[in-house]
Amino acid sequence: MSTTELRPVEDIGGFYDQMGGLIEVMGGNIHVGYWHDDEDQTPLLEAINRLTDIVGAKVDLQPGQHLLDVGCGVGMPAIRLGQRVEARITGVTISDWQVQEATRRIKAHGLRGQVEVELGDAADLAFEDESFDAVLLFQSLQHATDRGQWLREAVRVARRGARVVLTEFIEEIPLRPDEVEILRAGAMHPPLRYRELLEVVGASGIVVDDVLDCGDRIRRSYPGYFDRLDRHRDHLVEAFGEERVDMQREAMSTLLPIYRDKIGYLVVTGHKPRR
Ligand code: SAH
């Protein structure tokens, strides 16, 4: 893929439909891992689950509560959270393929009736006002054309006092225009800076209680991704074909170094005011 062929992705659902099962490289999750320090030798998949647990602890879901997971992928974080606490979880994704795959995984984990995933748009959620006890946006906000719109929707459907937790990339070192183009071709909107992101979060009506600034703790996900992709290449080629595996590797080789070198990561925990 030469730089001149780069086009911004407009159909994010179609983008994820196409990626499909290749997310197996990350154990079906579509988020980064977390390492405690530079000596931490934890393998990628375990580090990915660890971030789910860190985020899950921030959500602090209680038995009987109902969580909305906005941009839920194939439901791996929702399944993990649902295994730990007897709470209901509804996931929303814009990808048809993910809805089907998530539904299959939920059933396989014996969580039907507790966890469900449906097709929907984070910018226009099909839920009543104040209908969830907590709302999570786990590495999905980077796909929002208007981050404020997604967050206002999250706040609208959250009950008063509900936790709202999000993870998001932040620009640490300014991106060049050609790098922004690469991000857009990878279905990502360019990240905001720390302060800008927190302004958008605050302006949407979320009261921020805690910010975990962990760019350096998640960065090893990027080399870790290629390690696993290459280690499991034969199996992936058998399942998805050489062309798709090579295309994925090439796209990630252009995209991920930008994340590694210039982009950080925040876990923002807040709540909707009780008023
Ligand atoms: N939270 C999941 C997936 C993160 S990938 C995980 O950690 O595994 C980003 C997710 O956001 C994908 O599921 C994608 O379909 C979803 N997404 C992107 N745009 C969306 C939109 N407009 N509405 C709802 N979901 C969206």
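Me: On a 1 Å grid over the protein atoms alone, a pocket is an open set of points where a 1.4 Å probe fits, with protein on both sides within 12 Å along at least five of seven lines, and its lining residues have an atom within 4 Å of a point. How many residues line the largest pocket, and which lie nearest its centre?

Reply: In this predicted model, where local features need pLDDT of at least 70 and side-chain atom pairs pLDDT 80 or more, totals for linings, chains and interfaces use all residues. Residues are numbered from 1 along each chain as its sequence is written, and side-chain values use heavy atoms, without hydrogens or water. The largest pocket has 20 lining residues, with Phe15, Gln18, Met247, Gln248 and Ala251 nearest its centre.

Me: What makes helix H11 stand out in the lining of the largest pocket?

Reply: Helices H1 (12-19), H6 (177-185) and H11 (242-262) each give two or more residues to this lining, and H11 gives the most, with eight. H11 is called a helix because it is a DSSP run of H or I with at least four residues, numbered from the N terminus, whereas a strand is a run of E with at least two.

Me: How do the lining residues of the two pockets divide into nonpolar, polar and charged?

Reply: Ala, Val, Leu, Ile, Met, Phe, Trp, Tyr, Cys and Pro count as nonpolar, Asp, Glu, Lys and Arg as charged, and the others as polar. The lining of the largest pocket therefore divides into twelve nonpolar, four polar and four charged residues, and that of the second largest into 15 nonpolar, 17 polar and four charged.

Me: Which element gives the largest share of the second lining?

Reply: H1 does, with three residues, although the second largest pocket is lined by 36 residues, Gly71, Ile94, Ser140, His143 and Trp150 lying nearest its centre.
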